[in-house]
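Q: I'm new to this one. Can you walk me through it?
A: Sure. Here it is.

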Amino acid sequence: MKIICVNAGSSSLKFKLFNMKNEEVIASGLFERIGISNSDYIIKFNGQKIEQEIEMNNHLDAVQILLDKLVSLNIISSLSEIDGVGHRLVHGKDKYKDSVIITDEVIQDLTDYKEFAPLHNPANVLAINAFREVLPNVMMVGVFDTAFHQSIEEENYLYAVPREWYSEYGVRKYGFHGTSHRYITETLTSKLGRSDLKIINCHIGNGGSLSAIKNGKCINTTMGFTPLSGIMMGTRSGDIDSSIIPYVMEKEGMNANEVIDVLNKQSGLLGVSSKSEDMRDILRGIDEGDTECLLAFNKYCRIVTNFIASYYVELEGADIISFTAGVGENSYPFRKKVCENLKCLGIKIDDSKNEEAFGKYAKISTDDSLVDVYVVPTDEELLIARDTLHFIQNV
């Protein structure tokens, strides 16, 4: 059973091809600059990496090239070996609470919801239609980034704004990174043999979000109506006083979209440090005595700490704090600082275990810590592949 998982952007297409017999990645790759000059692709398989610059006018071109290469490179013998296609879908609003078989109705909803994810939903539709044209008889499954958070109750998903803004315009907390948060939840539930865990999961990459999870369900998360809200991130501001926006508009002669663009792309670690959005650069700056890098690091860790503390109270305690994604999995100084900030809750980590847990599953807390702390590598593509397999086997 072979399943290909797809993550489409407006001018890109990432994929992984899985053999679901053992959940092995057979091939992976990235097609970039689709519809733009100098488009190219990279395909990795069997220890090899194939790169080529090739004209791709649209996503259909990219999909056709991808599938042709899978056969011509002998990664698969024919297209008939592909049993399913799983698509990462960014926004399903509050209609989609679970993964679904992709139908005409799903495609229409993605189109209707494009104002909620203008860069992603239209690209998702393009990729779906491209695969439908080339593989018309293969089941396609959509896994929504927002789905895991649809268990959040009104008290947490509504904003303190006129109720009509929700009923008429859909203004509410939706949450993102849901596929990753769900993957971590299922991994910990499986490995620890418990379905009643209270987990605070920290998905910390260039973008970042935290989720409070109880009995396998999300009860709160930091991202909201858009991925801009919540914690400080690589280039995103996270939560700010909304009155800053018209104030800066007046001072800088900018419109609202321009200010939002700055909050998305020039803020966060980059904005505070004036150096970099990359945690590795920030840590190097600290080693070199850069006070702005130190300030950015401490602020970043403090904001994550504050959300953990808030969710600890909301959950009435926690069994596990887990770290995942690029920074969460790989930056032991970040994990150490956050956990030091939480020492009043009886949280303690083992420094040697923390330093050794580089991108691998590990418990890093001490035996006498009142909350267990884990590093859990995420794998959103594998979860998408598993959901696709589930539908193939049960429909």
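A: Helices and strands here are DSSP runs, with at least four residues for a helix and at least two for a strand. One caution: this is a predicted model.

Q: OK, how many helices and strands does the protein have?
A: The protein has 15 helices and 14 strands.

Q: What about its overall size? What box do the C-alpha atoms fill?
A: Roughly 60 × 55 × 45 Å, along the principal axes.

Q: And what does the radius of gyration agree with?
A: With a compact globule. For 395 residues such a globule would have a radius of gyration near 21 Å, and the protein has 22 Å.

Q: How much of it is buried?
A: 49% of the 395 residues count as buried. The protein exposes about 18500 Å², and carbon and sulfur atoms supply 47% of that.

Q: Switching topic. How many salt bridges are there?
A: The count comes to 22. One of them joins E23 and R386, with the closest N and O atoms 2.8 Å apart.

Q: Where do those two sit in the chain?
A: E23 is in the loop between β2 (13-19) and β3 (24-32). R386 is in helix α15, residues 380-394. They are 363 residues apart, and the pair links distant parts of the chain.

Q: Are E23 and R386 buried or exposed?
A: Partly exposed. E23 has 31% relative accessibility, and R386 has 32%.

Q: Which other salt bridges should I look at?
A: Try R194 with D196, where the closest N and O atoms are 2.9 Å apart. Salt bridges with shared partners also join K95, E105 and D109 into one network. Then there is E51 with K49, at 3.8 Å from N to O. E51 is exposed, with a relative accessible area of 52%.

Q: Now the rings. How many aromatic pairs?
A: Eleven aromatic pairs. Among them, F116 and F225 are edge-to-face, 5.9 Å centre to centre with 75° between the planes.

Q: Why does that pair tie together separate parts?
A: Because F116 lies in the loop between α2 (104-112) and α3 (121-134), while F225 lies in the loop between β11 (217-221) and α7 (244-252). Those parts are 109 residues apart in sequence.

Q: Is each ring buried or exposed?
A: F116 is buried, at 12% relative accessible area. F225 is partly exposed, at 30%.

Q: Which residues form an aromatic cluster?
A: F15, F31 and Y41 form one.

Q: Last one. Which charges sit over rings?
A: R172 lies over the face of Y157, 3.7 Å from the ring centre. The charged end of K191 sits over the ring of Y361, 4.6 Å from its centre.

Definitions and conventions. Residues are numbered from 1 along each chain as its sequence is written. This is a predicted model: local features need pLDDT of at least 70, side-chain atom pairs count only at pLDDT 80 or more; totals for chains, interfaces and linings use all residues. Side-chain values use heavy atoms; hydrogens and water are left out. Rings of Phe, Tyr and Trp (its six-membered ring) pair if their centres lie within 6.5 Å; planes under 30 degrees apart count as stacked, over 60 as edge-to-face and the rest as tilted. Buried means under 20% relative accessible area, exposed over 50%, partly exposed in between (1.4 Å probe, protein chains only). A charge sits over a ring if NZ of Lys or CZ of Arg is within 6 Å of the ring centre and within 35 degrees of the ring normal. The radius of gyration is taken over C-alpha atoms; the globule rule is 2.2 Å times the number of residues to the power 0.38. Accessible areas come from the Shrake-Rupley method with a 1.4 Å probe; for residues, only the protein chains shown count as cover. A salt bridge is a side-chain nitrogen of Lys or Arg within 4 Å of a carboxyl oxygen of Asp or Glu.
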